There are 2 protein chains.
Amino acid sequence: VSDEFELIDWIQKCQRTNSPLITLGIGDDLAALKWPADDLLLVGVDQVIDGVHFDSKIHSMNQIGRKAMNRNLSDCAAMGCLPAAAVAAVALPRELSLDRAKELCAGLRQAGDAFQCPIIGGDTASWSGKLVLSVTILGKSAGIKPVSRSGARPGDAIFVTGPLGGSILGRHMTFEPRVKLGREIAPIATAMIDISDGLSRDLSQICRAAGVGAMIDASLLPIHPDAAELSRRDGIPSLDHALHDGEDYELLFTSAGEFPKAIRIGQITSEPGIFIRGNDGVSRPLVPRGWEHQIGP
Amino acid sequence: VSDEFELIDWIQKCQRTNSPLITLGIGDDLAALKWPADDLLLVGVDQVIDGVHFDSKIHSMNQIGRKAMNRNLSDCAAMGCLPAAAVAAVALPRELSLDRAKELCAGLRQAGDAFQCPIIGGDTASWSGKLVLSVTILGKSAGIKPVSRSGARPGDAIFVTGPLGGSILGRHMTFEPRVKLGREIAPIATAMIDISDGLSRDLSQICRAAGVGAMIDASLLPIHPDAAELSRRDGIPSLDHALHDGEDYELLFTSAGEFPKAIRIGQITSEPGIFIRGNDGVSRPLVPRGWEHQIGP
């Protein structure tokens, strides 16, 4: 991008900061918000990088912008909070056209707008490298206590909100953040995380945080058709794809209660260590592998 | 960096989140804060990029981490607010050693700690590209109304907090964010900005935001010895370096009052357009150029 200032002007004109929270919107050194006294403020950052989280030769700028925002909205979902506002920093390849940079920003904005999450600040720079885009999100508790990763208790059931595996075939770019579902789950969940690094690794985070273990039942695990398709191509069992692939962006949570909209896949155990009971009835250790966040060679 | 998880563990262990604001610190999907009811929340993001804002072949990882945080602390200074917490996203070159990555994070943390600004969240990824580091800062108004860029009024005096120009010789990496001074200035300032893009461009932002103009007096402009040194090397007048170089990170503000710790350099005019009165008494248009944020060829 050769004219960053034109891009910045355009971004500022597009962004309607109609949130009642915002007292000073995009375009100053910092934005200012009047935070509601009863709401906890949640904050986190997530980035997408060319060749790691997307491939700029395959994916459109709009998709890339959307993914960057949706990853952050998914973090809100995993806490049971509501998105409130976001800021974004983007390192733009110098050869990227102004139109494509605008398309990127439009994708960001559209994904945020779908959840009333305006972009209230940003930083752009052009450079000789590839595209890097980081988004920081602010969420508000809005009447529901945020769900950490660390509250799982022995005997809790383990749930996921949808089928897993094979997201690399395309879903990793097009997933819907489970914000609404996260709000419904939060009151009954003891721990929650969104599945970005893969079930085995994200479950190990929950177990480690609480000093507990888990037993997964292979027969209960919902396997996505993409995992089966990928298995046909690479010969790796679809179960392994469901267990270890990343970027499903479904919610993984533990609860002593029931939640009919989600799928129960196992149980938290007092003894540390994660095991999977196969269809043969034998339990084997489940070693966290997790997706290595790498697209292409 | 080959073992991101080890790096993340180390970061989490180092960070003491002793702020009373923080109810859930680093290590979850999002951090949570209990925001004080009387304080506005300020937020913004700023990134540093290899080859643009630093050169990883010259500057230490600790310096780079510090600069990334200090740029954000300088944004707090420019609003007259106090830093409260920060999150960081870093795209790490795959060949960077774990020790150097730790050094980067330590620099970030040390710069934040100097202003009681803990890092409460982050995202790391390794990739085939060069180092990109973005920091998002949360600031609190803490009893002082934030100063926007847009309140300059005709007749206001224009001030800077220190000598300008030639920061590329080294100060752009080692500057001290003017947080304390910003707090002192805020109650009397009508508009404020930190000089990152160069005086001429940052002043044009202030003028554009208020629909006013400015007259700068060349004889009043404090020229840094680095600008003179650079002038000896490149033949460009040191005054031009003071007017257009960027990354001084001094504060530029307008006020109807006096502020003895800062240097008055001119006056806001009702007629749009920025002019500079030379030592010959003649006023000439001052065309915003601004530093192009480019280190090396």
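Here are legends for four close-up views of a predicted two-chain model.

**View 1. Where chain A meets chain B.** The contact draws 61 residues from chain A and 61 residues from chain B. Put together, the two chains bury about 4700 Å² between them, and carbon and sulfur atoms give 60% of that area. If you want a place to zoom in on the chain A side, try A:D29, A:L30 and A:W127: they supply 16% of the area that chain A buries against chain B, more than any other three residues.

**View 2. The one cavity of 30 Å³ or more.** Rolling a probe the size of a water molecule over the atoms shows where empty space is left. In this model, the largest cavity comes out at about 40 Å³. Which residues line the largest cavity? From chain A, there are A:Q47, A:A89, A:V132, A:L133 and A:S134; from chain B, B:Q47, B:A89, B:V132 and B:S134. Strand β6 (132-140) of chain A and β6 (132-140) of chain B each supply at least two residues of this lining. The largest share, three residues, comes from β6(A). As for chemistry, the lining divides into five nonpolar residues, four polar ones and no charged ones.

**View 3. A:V135 and what surrounds it.** We stay with strand β6 of chain A, where A:V135 is found. Is A:V135 buried or exposed? With a relative accessible area of 1%, A:V135 falls under the 20% cut-off and so counts as buried. Leaving aside neighbours within four places in sequence, A:V135 is in contact with A:G44, A:V45, A:D46, A:A68, A:M69, A:N72, A:A86, A:V87, A:A88 and A:L108. A:Q47, one of the cavity-lining residues, is 88 residues from A:V135 in sequence, yet their C-alpha atoms are 6.1 Å apart in space.

**View 4. Aromatic rings, with B:F159 and B:F253 in focus.** Over all chains, the structure holds seven aromatic pairs. Why is the pair of B:F159 and B:F253 called stacked? Their ring centres are 4.9 Å apart and their planes sit at 10°, so the pair is stacked; the cut-off for that label is under 30 degrees. The pair links distant parts of chain B: B:F159 belongs to strand β7 (residues 157-160) and B:F253 to strand β10 (residues 251-255), 94 residues apart. B:F159 is buried, with a relative accessible area of 2%, and B:F253 is buried too, at 0%. Over in chain A, A:F159, A:F253 and A:F259 form one aromatic cluster.

Notes:
Residues are numbered from 1 along each chain as its sequence is written. Chains are lettered from A and ligands numbered from 1 in the order in which they are written. This is a predicted model: local features need pLDDT of at least 70, side-chain atom pairs count only at pLDDT 80 or more; totals for chains, interfaces and linings use all residues. Side-chain values use heavy atoms; hydrogens and water are left out. On a 1 Å grid over the protein atoms alone, a cavity is a set of points where a 1.4 Å probe fits but cannot get out, and a pocket is an open set with protein on both sides within 12 Å along at least five of seven lines; lining residues have an atom within 4 Å of a point. Grid points are joined across faces, edges and corners, and a volume is the space filled by probe spheres set on the points. Helices (H or I, at least four residues) and strands (E, at least two) are DSSP runs, numbered from the N terminus. Ala, Val, Leu, Ile, Met, Phe, Trp, Tyr, Cys and Pro count as nonpolar, Asp, Glu, Lys and Arg as charged, and the others, Gly among them, as polar. Rings of Phe, Tyr and Trp (its six-membered ring) pair if their centres lie within 6.5 Å; planes under 30 degrees apart count as stacked, over 60 as edge-to-face and the rest as tilted. Buried means under 20% relative accessible area, exposed over 50%, partly exposed in between (1.4 Å probe, protein chains only). Contact means heavy atoms within 4.5 Å. Buried area is the accessible area (1.4 Å probe) that two parts lose on being put together, summed over both.
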